[in-house]
Amino acid sequence: MSATAAITRLLRRLVLPPRPDPARSRRIAEVRLVLSAAVVLMVFAAIAARVLLLATDEANARTAGMIPLPPAERGQILDRKGRLLATNLPITVLHADPKEIMDPRDAARRLAPLLPRHDEEALVRLLTKQTRYVELDRKLTPARHADILGLGIPGVYFRRSTLRSYPSGKLAAHILGQVDKDNNGLAGLEKSLDARLAAGTDITLSIDAGVQAVVAREIAAQMAQFEAIGGAGVMLDIASGEVVAMVSLPDYNPNHFARIDNDARFNRATLGLYEMGSTFKVLNTAIALEAEATTLDRRYEVSKPLRLGRFAIRDFHMYDWDLSVPEILVLSSNIGSARMAAEIGAEAQQFFLRRLGLFDRMSLEIPELATPQTPRNWRKTEIATVSYGHGMTVTPLHLASAISAASGSGMWVEPTLLSRGGGKPPMGERIFSEETTSAVRSMMRLVVKHPDGTGNFAEAKGYMVGGKTGTSEKINPDGGYFRDRNIASFAATFPVHDPRYVLVVMVDEPKGQKHSYGYATGGWVAAPAARRIIEHTAPLLGIHPVDENSPEIRQKLRLDFKIGKEEKTLASF
């Protein structure tokens, strides 16, 4: 090769690159295309994410503080057997953002036919409010939902929510209470347990819905028959302190919150304070025996009124012989009770009443609770009148709890509306001995069974009812008492030979009727309701009728109490 040719080849190699390999070039091009596509996709993704973020931020800013986030579904409330008392129903809420409504009047005109709660002018006012949120309806049916959606009005929105529902209507209304439109508790358990329910926790009550319905029905029947203005009933499980039923009448339907009047809202069972009359004689007798201030065979002179200063204590029926302690309770002697209380003394009387919870507000799981009113001074007059249920006001729940201790196991157990699960009985405070409670139960049985007892109309054959009637004049707020307005009550323990439940029935302002010979007393008004309640609920509670003449029954009750001037002894009771 010549020198010239070699130089030419060298210069060409330096100036011009070598011819590329086609396969290699193709691979390089493919890599570049993939990388370019990835970069482009990343750029567009970043742009899209930014746009979405800005849109979300704008929406959040627009609706912040306007539409609350949906909370956890509110917990249900169940009775002791798992029956629903309060639950939730899904609903659709219709709302609008007035700032997004382009033509409020046109929107109102189109919406009005589908929103019966508002006329056209009312909707115009709502849709022109200076706010970002107005609620138009809370209970849209699927059909109306579809129709409104079909209108396509900008600024009109829907959201899911829940409606608190009480499937049994009025049943246990004062226990359950109610909520506002945003499911915040306003009264009853809905208020006191609001935090637990709002967190979605289900609550099981001690209430038996079947028993609750019977108690309400029978007290309502007596109210109607005696033209009363109100009533209340409480049934307690003696061993556990569980409230099996608690009724206040008149009641209301919590599903219709706006229609509840104040009288129906008032809970007579736990918020109403009443002088409970002669039902207190059960407590007076138990205290006197436990304090060893008297004995069962001790007798008291009752033939003439007992004068204390300018006051005179009288009996409905005057007796011309000295009454024994059982006779004082069975015949319901105010004079005998006052004389017995004088021997108890103020200090011991207050000591026992305080331990029975009669000085303090109950710690029940609802907010509607009253504190008993007790005498300012505890002189001879107060000692006497408190012994037969005057001069001191308590709620029916207070009375039921105290009677439970005096006629049951002798233990005072704090009442509760929540199920205690049927396990080991809760710790209570012993107030009375078994000897005292056994004697009290036997006397209470005589109140119902003996021909001269005041509670004959409470006799439920086979269910061994023991009890005590009470009749007291209502306190006049202007001073003194109303002579024509009574509180009629009856406190029962059943079955009295093996005490399991206490029932208190109270009827407010009953009026005497022809069939009651003009009387509106506890024996005529409250005792019959107690009988029917026990007859209908005992089977629900697993209590079966017994043969009261059987040796097993007779051994559990005192059979040697003599009642009446001729000292007749009941062969069986």
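Start at Gly-357, just after helix α14: in this predicted model, Gly-357 takes a positive phi of about 80°.

Step back to α14 itself, residues 346–355, and select Ala-346, Gln-349, Phe-352 and Leu-353, the buried residues of this helix. Viewed down the axis of α14, they fall within an arc of 140°, so they line one face of the helix. Now show α11 (280–290), α13 (334–344) and α15 (380–387), against which the buried residues of α14 pack.

Two residues of that buried set, Gln-349 and Leu-353, also line the second largest cavity, together with Phe-280, Leu-283, Asn-284, Ile-287, Val-386 and Ser-387. The volume of this cavity is about 40 Å³. Helix α11 provides the largest share of its lining, four residues, while α11, α14 and α15 each supply at least two. The lining has five nonpolar and three polar residues, and no charged ones.

Next, select Thr-279, in the loop between α10 (262–265) and α11. With a relative accessibility of 0%, Thr-279 counts as buried. Its contacts beyond four places in sequence include Leu-399, Ile-403, Lys-468 and Phe-490.

Finish at the largest cavity, with a volume of about 50 Å³. Select its lining: Leu-236, Asp-237, Ile-238, Gly-241, Ser-401, Ser-404, Ala-405, Met-411, Trp-412, Val-413 and Pro-415. Strands and helix giving two or more residues here are β8 (230–237), α16 (396–407) and β14 (411–412). The most come from α16, with three residues. By class, the lining holds seven nonpolar residues, three polar and one charged.

Conventions. Residues are numbered from 1 along each chain as its sequence is written. This is a predicted model: local features need pLDDT of at least 70, side-chain atom pairs count only at pLDDT 80 or more; totals for chains, interfaces and linings use all residues. Side-chain values use heavy atoms; hydrogens and water are left out. Buried means under 20% relative accessible area, exposed over 50%, partly exposed in between (1.4 Å probe, protein chains only). The arc is that of the directions from the helix axis to the C-beta atoms. Contact means heavy atoms within 4.5 Å. On a 1 Å grid over the protein atoms alone, a cavity is a set of points where a 1.4 Å probe fits but cannot get out, and a pocket is an open set with protein on both sides within 12 Å along at least five of seven lines; lining residues have an atom within 4 Å of a point. Grid points are joined across faces, edges and corners, and a volume is the space filled by probe spheres set on the points. Ala, Val, Leu, Ile, Met, Phe, Trp, Tyr, Cys and Pro count as nonpolar, Asp, Glu, Lys and Arg as charged, and the others, Gly among them, as polar.
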